[in-house]
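Colleague: I'm new to reading structures, and I'd love to go through one with you. Could you take me through it step by step?

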Amino acid sequence: MNYAELVVAIQDYTQNYEQTFVDNIPTFVTQAEERIYNSVQIPALRKNVTGITSAGNKYLSCPPDFLSVFSLGHIVTGK
């Protein structure tokens, strides 16, 4: 299905061909894409990063392309 077919399918499903509704279909599609993109964790977008903590600093630096945390683990070294 291409974009034009999607627009027709939305109009047919809703049985709404009023011009204001049709003019807003691109907004509906964009918002749906954003909602799906933000709720589905795409494996290709995952990245493993190693950070170092130190006494007195409770924060880790985020990489410049950071979106959100998938998981966080720790390894204890030293004594």
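Colleague: Where is Gln-15 found?

Modeller: Happy to help, and please keep in mind that this is a predicted model. Helix H1 covers residues 3-14 and helix H2 covers residues 19-39. Gln-15 belongs to neither, and its place is the loop between H1 and H2.

Colleague: Is Gln-15 buried or exposed?

Modeller: A residue counts as exposed when its relative accessible area is over 50%. For Gln-15 the value is 65%, so the residue is exposed. Its phi is positive although Gln-15 is not a glycine, and that angle is near 55°.

Colleague: At what angle do the axes of H1 and H2 cross?

Modeller: Two packed helices are described by the angle between their axes and the distance between the axes. Here the axes of H1 and H2 come within 11 Å. H1 passes H2 in a right-handed crossing, and the angle is roughly 120°.

Colleague: How many residues in the contact of H1 with H2 are charged?

Modeller: Let's look at both sides. H1 brings Tyr-3, Leu-6, Val-7, Ile-10, Gln-11 and Thr-14, while H2 brings Phe-21, Val-22, Ile-25, Pro-26 and Val-29. Nine of the residues in this contact are nonpolar and two are polar, and the number of charged ones is zero: no charged residues.

Colleague: Which residues in H2 are buried?

Modeller: An α-helix has 3.6 residues a turn, so residues three or four places apart point the same way. H1 is part of what covers the buried residues of H2. Those buried residues are Phe-21, Ile-25 and Val-29.

Colleague: Where in H2 does a kink lie?

Modeller: Look for the proline Pro-26 in H2, as the kink comes shortly before it. The bend is about 35°, and the residue where it lies is Ile-25.

Colleague: How far apart are the end C-alpha atoms of H2?

Modeller: H2 has 21 residues, so at 1.5 Å a residue it should span 30 Å. The distance in the model agrees with that: 31 Å.

Colleague: Is Gln-11 buried or exposed?

Modeller: Gln-11 is found in helix H1. Beyond its neighbours within four places in sequence, it is in contact with Asn-16, Tyr-17, Val-22 and Ile-25. Its relative accessibility is 13%, and because buried means under 20%, Gln-11 counts as buried.

How values were computed. Residues are numbered from 1 along each chain as its sequence is written. This is a predicted model: local features need pLDDT of at least 70, side-chain atom pairs count only at pLDDT 80 or more; totals for chains, interfaces and linings use all residues. Side-chain values use heavy atoms; hydrogens and water are left out. Axes are lines fitted to C-alpha atoms, for helices over the stretch in contact, and angles run from 0 to 180 degrees between N-to-C directions. Helices (H or I, at least four residues) and strands (E, at least two) are DSSP runs, numbered from the N terminus. A crossing is left-handed if the near helix is turned anticlockwise from the far one by less than a right angle, and right-handed if clockwise. Contact means heavy atoms within 4.5 Å. Ala, Val, Leu, Ile, Met, Phe, Trp, Tyr, Cys and Pro count as nonpolar, Asp, Glu, Lys and Arg as charged, and the others, Gly among them, as polar. The expected span of a helix is 1.5 Å times one less than its number of residues. The bend at a residue is the angle between axes fitted to the seven residues ending there and the seven starting there. Buried means under 20% relative accessible area, exposed over 50%, partly exposed in between (1.4 Å probe, protein chains only).
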